[in-house]
Amino acid sequence: MCGRYTLRRIDAARLGVTFVEPTFDEFTDRPRFNVAPSQAVAVVRLNRDGKPAMGAVRWGLVPHWAKEPPKVRPINARAETVGSSGMFRQAFARRRCLVLADGFYEWRRDGTAKQPHFIRFPDDRVFAFAGVWERWREREGDDPLDTVAVVTTTPNAVMAPIHDRMPVILRPDDHAAWLDKETSSGNAAALLRPYADGELVASPVDRLVNSPKNDGPDCLRPAAK
DNA sequence: CCAGACGTTGTT
DNA sequence: GTCTGG
DNA sequence: CCAGACGTTGTT
DNA sequence: GTCTGG
């Protein structure tokens, strides 16, 4: 997947979760029309009590064993390797999460030009990418840096004309199983497939979104013909 | 055994 | 932390 | 992914 | 051209 998505509103009740971290105000106060890598993103993960809770982490994974957070960090993890790669396997086994969004961008190449497309559900509902997260600390007792990567897979019929990868979008019925630490790696991996055809829609949007500085409704303006 | 890597996308 | 390559 | 920078000395 | 930052 590309490095951009949107979160314009949050329907926490529908997702069956509660707000737990103060930093989450960042999302309730300011809708995001262009969430870029390294920014704070909204996730749902299991609390210590085993219940789903909503919070904020940074987009771009820093594994717990890193000596220093690298400047360039993976924002995506391939479904084909997320269970085996040294970078992701622990997070995949123990720290799966949901990354909340209500749409995402993908660029289609027209020769040298790059045409951004916006992909969403027709009712603009909030949905969940499959994510894996990690907690990094400089040293014992320091404040943690929590980070996340979104899992990608092969495109469905809507995405195929635009791009050769797409983020994994989990159906609500699968949210609990993805989050559950007891779910086997095999069963978790089975959830990592392209979203069913026929629900998502894609449309070209203004190139305004190409600059991470732009974060407003204009990012969703239909592309000029 | 130790040292070094550990990622994706897209592009060629 | 854990795996791979030498 | 795209946009934007692409530098040093010395000072805080 | 290539790297960094968002």
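**Buried strands and DNA contacts**

Guide: Start with strand S4. Ala-40, Ala-42, Val-44 and Leu-46 point one way from it, while Val-41, Val-43 and Arg-45 point the other way, and all are buried. This is a predicted model: local features need pLDDT of at least 70, side-chain atom pairs count only at pLDDT 80 or more, and totals for chains, interfaces and linings use all residues. Residues are numbered from 1 along each chain as written, chains are lettered from A and ligands numbered from 1 in written order, and side-chain values use heavy atoms, without hydrogens or water.

Visitor: Why do the side chains of a regular strand alternate in this way?

Guide: In a regular strand, side chains take turns between the two faces of the sheet.

Visitor: What makes S4 largely enclosed by the rest of the structure?

Guide: Buried means under 20% relative accessible area, exposed over 50%, partly exposed in between (1.4 Å probe, protein chains only). In S4, residues 40-46, 7 of the 7 residues are buried, so the rest of the structure largely encloses the strand. Strands are DSSP E runs of at least two residues, numbered from the N terminus.

Visitor: What makes S4 and S5 a pair?

Guide: Two strands pair if DSSP finds at least two bridges between them. Between S4 and S5 (residues 52-59) there are 7, and the strands run antiparallel. Arg-45 of S4 faces Ala-53 in S5. The two strands form a hairpin with 5 residues between them. In that turn, Gly-50 has a positive phi of about 85 degrees.

Visitor: How many bridges join S4 to S7?

Guide: 2 bridges join S4 to S7 (residues 96-101), again in an antiparallel run. One pairing sets Val-43 against Val-99 in S7.

Visitor: Why are S3 and S14 called edge strands?

Guide: Take the open sheet of 5 strands, ordered S3-S1-S8-S9-S14 with antiparallel pairing. S3 (32-35) and S14 (201-204) each have a single partner strand, so one side of each has no neighbour in the sheet. For S14, 4 bridges connect to S9 (residues 113-120), antiparallel. There His-117 stands opposite Pro-204.

Visitor: How many disulfides does a search of the whole structure find?

Guide: The search finds 0. To count, a pair of cysteine sulfur atoms must be within 2.5 Å.

Visitor: Why is Cys-97 called buried?

Guide: Its relative accessible area is 1%, so Cys-97 is buried. Cys-219 is also buried, at 1%.

Visitor: What makes Ser-38 partly exposed?

Guide: Ser-38 has a relative accessible area of 45%, which puts it in the partly exposed class. This residue lies in the loop between S3 and S4. Its phi is near 80 degrees, positive although the residue is not glycine.

Visitor: Which class does Asp-124 fall into by relative accessibility?

Guide: Asp-124 counts as partly exposed, at 22%. Its place is the loop between S9 and S10 (127-136). Phi of Asp-124 is near 60 degrees, another positive value in a residue other than glycine.

Visitor: Which residues are closest to DNA strand B?

Guide: A residue is near a strand if one of its heavy atoms lies within 4 Å of it. By that rule 17 residues surround DNA strand B, and the closest are Val-72, Arg-78, Ser-85, Arg-109 and His-163. Sugar and phosphate make up 76% of the atoms of DNA strand B that come within 4 Å of the protein. Strand S6 (residues 76-78) gives the most to this surface, with 3 residues.

Visitor: What does Arg-78 approach with a polar side-chain atom?

Guide: A phosphate oxygen of DNA strand B, 2.7 Å away. A polar contact is a pair of N or O atoms within 3.5 Å. For Thr-81, an N or O atom of the side chain is 2.9 Å from a phosphate oxygen of DNA strand B. For Thr-152, a polar side-chain atom lies 2.8 Å from one.

Visitor: Is Thr-152 buried or exposed?

Guide: Buried, with a relative accessible area of 3%. Thr-152 lies in strand S11 (residues 145-153). Thr-152 and Arg-137 are 15 residues apart in sequence, and their C-alpha atoms are 27 Å apart in space.

Visitor: Which residues are around DNA strand C?

Guide: His-64, Trp-65, Gly-86, Arg-89 and Gln-90. Of the atoms of DNA strand C within 4 Å of the protein, 44% belong to sugar or phosphate, and the rest to bases.

Terms used:
Polar contact = N/O pair within 3.5 Å; in protein donor to acceptor, adjacent residues only side chain to side chain.
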